[in-house]
Amino acid sequence: MPREHRNPYNAHFFPEPVLSAENLACSRGDRLVFRCVEFSLESGQMLLVTGINGSGKTSLLRIVCGLLEPAEGEIRWGGKRAKGLGEDYFAKLAYVGHVNGLKDDLSATENIRIWAGVSGTPVAPEEARDALRRLGLEGREDLPVRWLSQGQKRRAALARVLIAKRPLWVLDEPFTALDRESTATVEALLQEHLEGGGMALLSTHQELSGITAPLRRLGLDH
Amino acid sequence: MGSVLGWIIRRDLVLALRQRTDVMTTLVFFVIVVSLFPLGVGPELEKLRPLAAGVLWVAALLASMLSLGRLFAADYADGTLEQILIAPQPLSLVVLGKIIAHWLVSGMPLALIAPILGIQYDLTGEPLFVLLISLLIGTPVLSAIGAVGAALTVGLRGGGVLIALLVLPLYVPVIIFGAGAVEASASGIGPEGHLSLLAAFLLLSLVVGPLASAAALRISVE
């Protein structure tokens, strides 16, 4: 069974893990995807979810985001049930799923501004453009998203995470369709986020070379 | 909180403006259906006059239902609905914004164009005015009730037919009192009673619709 052991030294400094999952099970229809999944995440840590296709990586991330109800177990934030925290918990996490969550008819800047506005934390157009430039979308900020390439769309979706300034990043295969250069940029941003005390939970098939922060793995293969 | 409502309305209005054909479809459908009846029934005004309120209301109801499929389906497909579900804001507030925007682009234009179409049926004076008022009060109810059906069927194949089955029975009181108001006015009884009941439906549906849709969305998007 996949099981994550807590580092005893870390536990000494952080008696209460910030994010924890207890005894999670997930079933889709009649099929049990995984069970007995446990992990905890503390400030500055990153957890890499690995596993073959269909092992439930996306489902696990969706459970953490509260988009999917686990068959068993629960997610806790600071020791409290995430479900009970409701919107207070949503305010702590930024999620990029395997679909980008961008409107094709809006520009990347509009997408980010509207997303921020609907989240209750509006941003100025310049702020949104800055985030897009950091991800290498210089000159593409005001084009309709439908004109962007797959990789560029992915980067626009990741820019949303950057602007959100939330402690927990949940990224589902963030490096899909990204070229080597943008992969390095995203890794650098992740590193910066972790150094600033943030947390990240991501699923990927790729080896991460640019990250020196403590990296832990959760394998979903049985 | 109010600004979140503003952002979501603005988002859907901008999107509607950029996909004008979708909006026009609803309106053109309404105009065509209403104009077909005089062709089928015959041009005698004595025959058409009693049909006026019923035909206009049934056409408005069908046209409004035609556009319901788009309410959440497009957002579901591109992943923006997921982002809305985990926005740290009350989901029912966001849904209320979407209902208002839906009414502004589908219900309100129908109501405003209806008096012109009513002239074809020899409606004049007060009944024509009452038709406009009854549609202005009644079409938001159609959007609010329809949102529940749209939320329940989001992500389902063949959801369009299912929406009709779910929502049409709930539209019955609206059409009875909406068309009734016009007839009451034409026969000299006075439309106040019908319109008051219609307004009561509006208030009720604006409270229940967003709450029920929000709950339905959480289930549908799993």
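These are my notebook entries on a sheet, a helix pair and a chain contact in a predicted model.

**Entry 1. The sheet in chain A**

I started with the strand order. Five strands of chain A form an open sheet, and I read the order as E6-E7-E8-E3-E9. The pairing is parallel. I then looked for the edges and found strand E6 (93–96) and strand E9 (215–219) of chain A, each of which pairs on one side only. From one strand to the next, the twist averages 15 degrees.

**Entry 2. The E6 side**

Next I took the pairing of E6(A) with E7(A). These strands run in the parallel sense and share four bridges. Ala94(A) is the residue I found opposite Trp169(A) in E7(A). I also checked what packs there: H7(A) lies on the sheet and touches E6 and E7 of chain A. The direction of H7(A) makes about 175 degrees with that of E6(A).

**Entry 3. Strand E8**

Which strands are joined to E8(A) by bridges? I found E3 (residues 46–50) of chain A, with four bridges, and E7 (residues 168–172) of chain A, with five bridges. Both run parallel to E8(A). Leu202(A) appears in both pairings. It stands opposite Leu48(A), and it is the bridge partner of Leu171(A).

Is E8(A) mostly covered or mostly open? I counted through residues 199–203 of chain A: five of the five residues are buried, so the 20-neighbour cut-off for C-beta atoms within 10 Å is met at each. I then split the strand by face. Met199(A), Leu201(A) and Ser203(A) are on one side, and Ala200(A) and Leu202(A) are on the other. Both faces are covered.

I traced the connection from E7(A) as well. E7(A), helix H8 (residues 180–195) of chain A and E8(A) make a β-α-β unit, and the unit is right-handed.

**Entry 4. Helices H5 and H7**

Two numbers describe a packed helix pair: the angle between the axes and the distance between the axes. For helix H5 (residues 108–118) and helix H7 (residues 150–164) of chain A, I noted axes that come within 10 Å and cross at roughly 40 degrees. Why do I call H5(A) and H7(A) oblique to each other? Roughly parallel would need an angle under 35 degrees, and roughly perpendicular starts at 65. The crossing angle is roughly 40 degrees, so H5(A) and H7(A) are oblique. I logged the crossing as right-handed.

I listed the residues that meet. H5(A) brings Ala108(A), Asn111(A), Ile112(A), Trp115(A) and Ala116(A). H7(A) brings Ala156(A), Ala159(A), Arg160(A) and Ile163(A).

**Entry 5. Where chain A touches chain B**

H5(A) turned up again here. The contact takes 25 residues from chain A and 24 residues from chain B. On the side of chain A, helix H4 (87–90) and H5 each supply at least two residues. H5(A) gives the most, with four residues.

**Entry 6. Glu82 of chain B**

I picked one residue of chain B to follow. Glu82(B) sits in helix H6 (residues 80–85) of chain B. Is Glu82(B) buried or exposed? I counted 20 other C-beta atoms within 10 Å, so Glu82(B) is buried.

I then listed contacts of Glu82(B), leaving out residues up to four places away in sequence. Glu82(B) touches Leu67(A), Gly97(A) and Gly101(A) in chain A, and Val221(B) in chain B. I also took the C-alpha separation from Glu82(B) to Glu222(B), which is 9.6 Å. The two are 140 residues apart along the chain.

Methods: Residues are numbered from 1 along each chain as its sequence is written. Chains are lettered from A and ligands numbered from 1 in the order in which they are written. This is a predicted model: local features need pLDDT of at least 70, side-chain atom pairs count only at pLDDT 80 or more; totals for chains, interfaces and linings use all residues. A residue is buried if 20 or more other C-beta atoms lie within 10 Å of its own, exposed if 12 or fewer, and partly exposed in between; C-beta atoms are placed from the backbone. Two strands pair if DSSP finds at least two bridges between them. A crossover is right-handed if, with the strands pointing away from the viewer, the path from the first strand over the helix to the second runs clockwise. Axes are lines fitted to C-alpha atoms, for helices over the stretch in contact, and angles run from 0 to 180 degrees between N-to-C directions. Angles under 35 degrees count as roughly parallel, over 145 as roughly antiparallel, 65 to 115 as roughly perpendicular and the rest as oblique. A crossing is left-handed if the near helix is turned anticlockwise from the far one by less than a right angle, and right-handed if clockwise. Two residues are in contact if their C-beta atoms, placed from the backbone, lie within 7 Å.
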